[in-house]
Amino acid sequence: THCVSGCVCPHNLVLDGKGGCIAPEDCPCVHNGNSYSPGESIRVGCNNCTCRNRKWHCSEEPCLETCSVYGDGHYTTFDGKRFDFEGDCEYVLVQNYCGQHQGTFRVITENIPCGTTGTTCSKSIKVFLGVSIFFNKFDGHSDVIQRTPGGKMPFQMRSMGIYLVVDTTVGLILMWDKKTSIFIKLSPSFQGNVCGLCGNYDGNGNNDFTTRSQSVVGNVLEFANSWKVSSSCPNANRTKDPCTANPYRKAWAQKQCSIITSEVFAKCHSQVEPNEYYQACVDDACACDTGGDCECFCTAVAAYAQACNEMDICISWRTPSICPLFCDYYN
């Protein structure tokens, strides 16, 4: 139906924004700046939302939230708080041994220097569930180093693309790329009942910097140092900006990492803010000056691609010349 008399719609119809008139129930729904026609569905978290009568109607399934650690000490808590921390020790990522509570699981990561600028990367991860799983990140090896005699294993391990996935019986899922990226998914039943570098998972990112002594602080170093496993480790101090320390790498890093803010990831930009991932990529590409140039860059881009994937936006960004995976490109 066309609009009449200077684009005024007849009774009971509304403008569609394209010079035409439509019934109100045929109006689109908007999500993150994109329009969707009636009947179209999108995925928000773990729920499906369908456009009907100009409104989104969503399922209400409880979703697992994700804590991520990647590259040279980049963290995102369950509640979405991002921070950088470079400490050379073992640290508690997440546990439910908090305050006076007797817990059931603990996840620990070991960080070591991975460049001459003082930056650190995760070397291994240990998951305590009555058994201990030890992952050595430099050779991709994983092994169970302790088990309960005669007991049933409280987890299963499987491969999913480039990730090794550990499904536990306690409501924790761990994804590991066998390099320096860790994604921990936790059941909503643990909301407000966990602690560590991944935060307290209470839906409020402002109080995620809660120390081992249950004090909320504003300083990243004070917060993160409190979660070191051994008191004999020295406290981490803020390191130099890696691109200042290695200025000859800065232009290369910026050029390589610009893929994150380019058209390649355009359809994800409205869903996942790219600039923080871009800056983390530049820092990592500058920092990894003792080998593994491409791996640090590829891990940083893959972290943004994974964040997009969490929003059900799959980006085909790898090519034979950019972080190739043979099967990913040719199959």
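**Figure 1. Contacts across the whole predicted chain.** Among contacts in the protein chain between residues at least 6 apart in sequence, 48% link residues that are at least 24 apart. Keep in mind that what you see here is a predicted model. If you trace the protein chain from end to end, you'll pass seven helices and 19 strands. Of its 331 residues, 46% count as buried. What about the outside? The protein chain exposes about 16,700 Å², and carbon and sulfur atoms supply 49% of that area.

**Figure 2. A close-up of an open sheet with three strands.** Read across this sheet and you get the order S5-S6-S7, with antiparallel pairing. Which strands stand at the edges? They are S5 (41-44) and S7 (55-58), and each has a single partner strand, so one side of each is left without a neighbour in the sheet. Going from one strand to the next, the twist averages 35°. Now look at S6 (residues 47-52) beside S7: the two run antiparallel, and four bridges join them. To pick out one bridge by eye, find Thr-50 and then look for His-57, its bridge partner in S7.

**Figure 3. A close-up of the loop between S6 and S7.** Here's a handy bit of background: most residues other than glycine have a negative phi. Asn-53 sits in the loop between S6 and S7, and although Asn-53 is not a glycine, its phi is positive, at about 55°. Arg-54 also has its place in the loop between S6 and S7. What is the phi of Arg-54? It's near 70°, a positive value in a residue other than glycine.

**Figure 4. A close-up of Gly-39 and the residues it touches.** Gly-39 belongs to the loop between strand S4 (34-36) and S5. Is Gly-39 buried or exposed? Its relative accessible area is 52%, and the cut-off for exposed is over 50%, so Gly-39 counts as exposed. Leaving aside residues up to four places away in sequence, Gly-39 touches Thr-50 and Cys-51. Gly-39 and Cys-51 are 12 residues apart in sequence, yet their C-alpha atoms are 5.3 Å apart in space. You've already met Thr-50, by the way: it's the residue with His-57 as its bridge partner in S7.

**Figure 5. A close-up of the largest pocket.** This pocket has a volume of about 800 Å³. Which residues are closest to its centre? Of the 31 residues that line the pocket, those are Glu-65, Thr-66, Ala-307, Glu-310 and Met-311. Several elements give two or more residues to the lining: S5, strand S8 (65-70), strand S19 (182-186), helix H5 (275-287) and helix H6 (293-310). S8 gives the most, with five residues. As for S5, you can also spot that strand at an edge of the sheet in Figure 2.

**Figure 6. A close-up of Gln-214 and the residues it touches.** To find Gln-214, look in the loop between S19 and helix H1 (220-225). How exposed is Gln-214, then? Its relative accessible area is 43%. Partly exposed covers values between 20% and 50%, so Gln-214 counts as partly exposed. Not counting residues up to four places away in sequence, Gln-214 touches Cys-98 and Gly-99. Take Gln-214 and Gly-99: they're 115 residues apart in sequence, but the space between them, C-alpha to C-alpha, is 7.2 Å.

Key
Residues are numbered from 1 along each chain as its sequence is written. This is a predicted model: local features need pLDDT of at least 70, side-chain atom pairs count only at pLDDT 80 or more; totals for chains, interfaces and linings use all residues. Side-chain values use heavy atoms; hydrogens and water are left out. Buried means under 20% relative accessible area, exposed over 50%, partly exposed in between (1.4 Å probe, protein chains only). Contact means heavy atoms within 4.5 Å. Accessible areas come from the Shrake-Rupley method with a 1.4 Å probe; for residues, only the protein chains shown count as cover. Two strands pair if DSSP finds at least two bridges between them. Axes are lines fitted to C-alpha atoms, for helices over the stretch in contact, and angles run from 0 to 180 degrees between N-to-C directions. On a 1 Å grid over the protein atoms alone, a cavity is a set of points where a 1.4 Å probe fits but cannot get out, and a pocket is an open set with protein on both sides within 12 Å along at least five of seven lines; lining residues have an atom within 4 Å of a point. Grid points are joined across faces, edges and corners, and a volume is the space filled by probe spheres set on the points.
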